[in-house]
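Hi,

Here is the structure I promised to send over. Have a look, and my notes on a helix pair and two pockets follow below.

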Amino acid sequence: MKTISENACFGGTQGVYSHASESCACEMTFALFLPAEAKDGPVPLLWFLSGLTCTHENAMTKAGAQAWAAEQGIALVFPDTSPRGDDVANDEAYDLGQGAGFYVNATETPWAPHFHMWDYITEELPALLGSEFALDMERQAITGHSMGGHGALTMAMSLPGRFRSVSAFAPISNPTASDWGRKQFTAYLGADEASWAAHDATVLMREKGFDGPMLIDTGTSDQFIDLLKPEAFAEAVNTRRQQATLRLQPGYDHSYFFISTFMEEHIAFHADALWA
């Protein structure tokens with residue numbers, strides 16, 4: 001693991017690191033905020049999975065999360081959204097390829113050699129974090145935005161007991177029924193739609209649900225709301241009678257202005273679960 005930068009931040013440290021990833025067969029970069037309490041022992045960890053076109057840097061610099069995490073004494077990890085490099089497959093479209101990993105393990109050409117973001121986020125990076133930093137890996141929570149909200153929800157429901165709470169900002173909630181999903185799943189996973197279900201939060205809610213608290217915010221003026229399909233996920237939540245708070249925030253769009261507005265509430269929500 002290489003240290004790219006470390007800066008004092010709200011009494012703690014905001015670091016950026018890179019390492020050779022076995023899952024993605026390339027160099028991967030992630031950011032990690034450690035609060036002051038990490039100097040005295042392991043602290044809980046909140047994951048933030050970013051959306052289309054983002055790197056580790058977007059949420060690290062725009063979400064305003066570190067101040068609230070420092071107040072609650074929890075760490076924040078901001079992974080990248082896809083493998084990167086000259087030998088990594090890419091596409092001219094912003095919603096496929098580098099910056100658009102969709103948190104799945106690709107099985108199709110030309111994506112299969114590198115695009116194993118599911119394994120990277122759920123196995124490789126947690127193992128690295130737990131071995132290198134003062135983190136209590138028994139106390140984890142997860143959140144994300146848009147494509148990252150999709151990843152947060154699917155991972156929380158697919159890995160029972162891993163995360164104590166899950167939240168999302170404007171998540172892609174029903175990708176098997178959306179152009180933000182069908183295109184990418186066909187490219188990464190192939191034409192057999194049966195293989196897509198494991199990565200659709202609405203389908204997973206109907207089949208599994210989540211054994212813990214859930215919070216989701218979506219703006220009523222989100223320019224991509226028809227692609228996000230919050231109504232499909234809400235129907236699945238109601239049918240399952242899942243413990244969840246689903247909020248439509250009047251006038252807010254898909255931007256980091258929206259995320260930063262409600263970040264304090266999301267971190268407090270996770271802190272309640274992480275410190276319980």
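Helix α2 (residues 65–72) packs against helix α9 (residues 256–274) at an angle of about 30°, their axes 9 Å apart (helices are DSSP runs of H or I, at least four residues, numbered from the N terminus; axes are lines fitted to C-alpha atoms over the stretch in contact, with angles from 0 to 180 degrees between N-to-C directions). That makes α2 roughly parallel to α9, a label for angles under 35 degrees. On the α2 side the contact (heavy atoms within 4.5 Å) involves A65, W68, A69 and Q72, and on the α9 side M263, E264, I267, A268 and A271. By class that is 7 nonpolar, 1 polar and 1 charged (Ala, Val, Leu, Ile, Met, Phe, Trp, Tyr, Cys and Pro are nonpolar; Asp, Glu, Lys and Arg charged; the others, Gly among them, polar).

Before the pockets, a caveat: this is a predicted model, with local features needing pLDDT of at least 70 and side-chain atom pairs pLDDT 80 or more, while totals for chains, interfaces and linings use all residues. Residues are numbered from 1 along each chain as its sequence is written, and side-chain values use heavy atoms, leaving out hydrogens and water.

The largest pocket (an open set of points on a 1 Å grid over the protein atoms alone, where a 1.4 Å probe fits, with protein on both sides within 12 Å along at least five of seven lines) has a volume of about 220 Å³, counted as the space filled by probe spheres set on the points. Its lining (residues with an atom within 4 Å of a point) has 15 residues, with L52, T53, H145, F224 and H254 closest to the centre.

In the second largest pocket, α8 (230–240) gives the most to the lining, 4 residues.

Cheers

Methods
Helices (H or I, at least four residues) and strands (E, at least two) are DSSP runs, numbered from the N terminus. Angles under 35 degrees count as roughly parallel, over 145 as roughly antiparallel, 65 to 115 as roughly perpendicular and the rest as oblique.
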